[in-house]
Amino acid sequence: MAGHKEIDAVTGTETTGHVWDGDLKELNKPLPRWWLYVLYACIVWAIGYWIAFPAWPFLDGYTRGVIGYSQRNEVAKDLAAAKESQATYLAAIAERTPAEIEKDSSLMEFALRGGGAQFANNCAPCHGRGAQGFKGYPNLNDDDWLWGGTLEEIEQTIRNGIRSGHSDSHESAMPRFGIDQVLTTAQISDAATFVLSLSGTPGDAAAVERGKAIFDEQCAACHGPEGKGMREMGAPNLTDGIWLFGGTKADIEETIRTGRGGVMPAWDGKLDPVTIKMLAIYVHALGGGK
Ligand code: HEC
Ligand code: HEC
């Protein structure tokens, strides 16, 4: 085709000399220069990249590239740096008492975040995402504590659990007055009527009177003579209108009949002491903490 030069009459463009079917001719329209230069630059860049960075796969690996970059190493480096900065905080938390931690605002913030994350993972299934509790699972936001609301008491409850089988667990439980036939159904009904009257729900006066006699004999030892509860026994205050197991007469009768016996697992051994401390600080700060 050398020396060929033919101008297409319609477009005024030179043809390449390729002809199909006798009269279909190919116009000679080369790629724009800038486009070609970009292409060449890309090729040069790609070759440079193959040499510098990990690129070509083999059956049992890949070319590593001369500068030895690896995303995995970068992530590992970031993680190590994050761990190191955490380690300083974790060590400080391990050393100090919860009360000392509460006084140090940056340490406190770290503990609250850590405690909050652990709470969502471990505690929310029973106590609820916002620690608002459910029937049988106490609300941890209020100031109504079965087993005590100081930092130390909360930490101890979390570590050892409640009726958990742990050797240092809170063990005291309410008797099963109905199941173990300590009280008759009628007596349970009277006791429930009296309990309701303690929080301002009046009942039949004679039943309240009979219920009070039963209460003084059977219940006051744990719930206190006025029904205000006793921390050492885990016996709730019955006068505040806050009910763990429900506050209808039927709920209260069921409580007296079965004793309920709520179980909170011990976290000793499942969570490390620093995590348990952060959880105690978190729960304490939820609002009810004393
Ligand atoms: C399997 C369910 C369950 C899980 C999981 C659980 N708890 Fe509990 N928790 C309970 C029950 C039930 C009680 C009340 C026990 C009772 O009746 O005395 C309780 C009681 C408590 C109390 C005592 C409240 C008071 O009034 O004295 C605290 C504090 C507590 N839980 C914190 C936690 C924390 C923190 C976690 C997570 C590490 C957690 N719980 C996980 C079931 C659970
Ligand atoms: C040995 C101590 C003990 C005695 C005696 C006892 N209780 Fe309790 N009571 C408890 C404990 C502990 C709880 C909490 C149970 C739980 O968390 O599983 C409780 C819970 C309750 C509740 C549930 C409160 C709520 O918030 O839902 C009621 C109601 C109650 N007791 C009434 C009585 C009555 C009425 C008697 C007497 C007939 C009695 N108790 C005797 C220890 C006792």
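**Entry 1: Pro125**

I started with Pro125, which is found in helix H5. The model I am reading is predicted. Is Pro125 buried or exposed? I find a relative accessible area of 61%, so Pro125 is exposed. Next I looked up its contacts, setting aside residues up to four places away in sequence. Pro125 touches Ala120 and Phe134.

**Entry 2: His127**

I stayed in helix H5, where His127 is also found. The relative accessible area of His127 is 9%, under the 20% cut-off, so I note this residue as buried. I then listed its contacts, without the neighbours within four places in sequence. Phe119 is on the list, as are Gln132, Gly133 and Phe134. Tyr137, Pro138, Leu140 and Met264 complete it.

**Entry 3: the iron atom**

Which residues coordinate the iron atom of ligand 1? I find His127, through NE2, and Met264, through SD. The distances are 2.0 to 2.1 Å. Where in the chain do the two sit? His127 belongs to helix H5, residues 124–127. Met264 lies in the loop between helix H9 (249–258) and helix H10 (273–285). The two are 137 residues apart, so I wrote them down as a link between distant parts of the chain.

I also checked the geometry. Six donor atoms surround the iron atom of ligand 1, and they subtend angles of 86 to 180°. The arrangement is therefore octahedral. For six octahedral donors the ideal angles are 90 or 180 degrees.

Is Met264 buried or exposed? Its relative accessibility is 17%, so Met264 counts as buried.

**Entry 4: helices H2 and H4**

I turned to helix H2 (residues 71–95) and helix H4 (residues 105–122). Their axes come within 10 Å and cross at roughly 100°. The crossing angle falls between 65 and 115 degrees, so H2 is roughly perpendicular to H4.

Which residues meet here? From H2 I noted Gln86, Tyr89, Leu90, Ala92 and Ile93. From H4 I noted Ser106, Leu107, Phe110 and Ala111. By class, the contact has seven nonpolar and two polar residues. I found no charged residues in the contact of H2 with H4.

**Entry 5: Asn237**

Last, I looked up Asn237. Its place is in the loop between helix H8 (205–223) and H9. Asn237 and Glu226 are 11 residues apart along the chain, and their C-alpha atoms are separated by 9.2 Å. Which residues does Asn237 contact, leaving aside neighbours within four places in sequence? I listed Asp144, Gly227, Lys228, Gly229 and Ile242.

Technical notes: Residues are numbered from 1 along each chain as its sequence is written. Chains are lettered from A and ligands numbered from 1 in the order in which they are written. This is a predicted model: local features need pLDDT of at least 70, side-chain atom pairs count only at pLDDT 80 or more; totals for chains, interfaces and linings use all residues. Side-chain values use heavy atoms; hydrogens and water are left out. Axes are lines fitted to C-alpha atoms, for helices over the stretch in contact, and angles run from 0 to 180 degrees between N-to-C directions. Helices (H or I, at least four residues) and strands (E, at least two) are DSSP runs, numbered from the N terminus. Angles under 35 degrees count as roughly parallel, over 145 as roughly antiparallel, 65 to 115 as roughly perpendicular and the rest as oblique. Contact means heavy atoms within 4.5 Å. Ala, Val, Leu, Ile, Met, Phe, Trp, Tyr, Cys and Pro count as nonpolar, Asp, Glu, Lys and Arg as charged, and the others, Gly among them, as polar. Donors are N, O and S atoms within 2.8 Å of the metal (3.2 Å for Na, K and Ca); water is not among the atoms, so sites may look incomplete. Four donors count as tetrahedral if all angles lie between 85 and 135 degrees; four count as square planar and six as octahedral if opposite donors are over 155 degrees apart and all others between 65 and 115; anything else is irregular. Buried means under 20% relative accessible area, exposed over 50%, partly exposed in between (1.4 Å probe, protein chains only).
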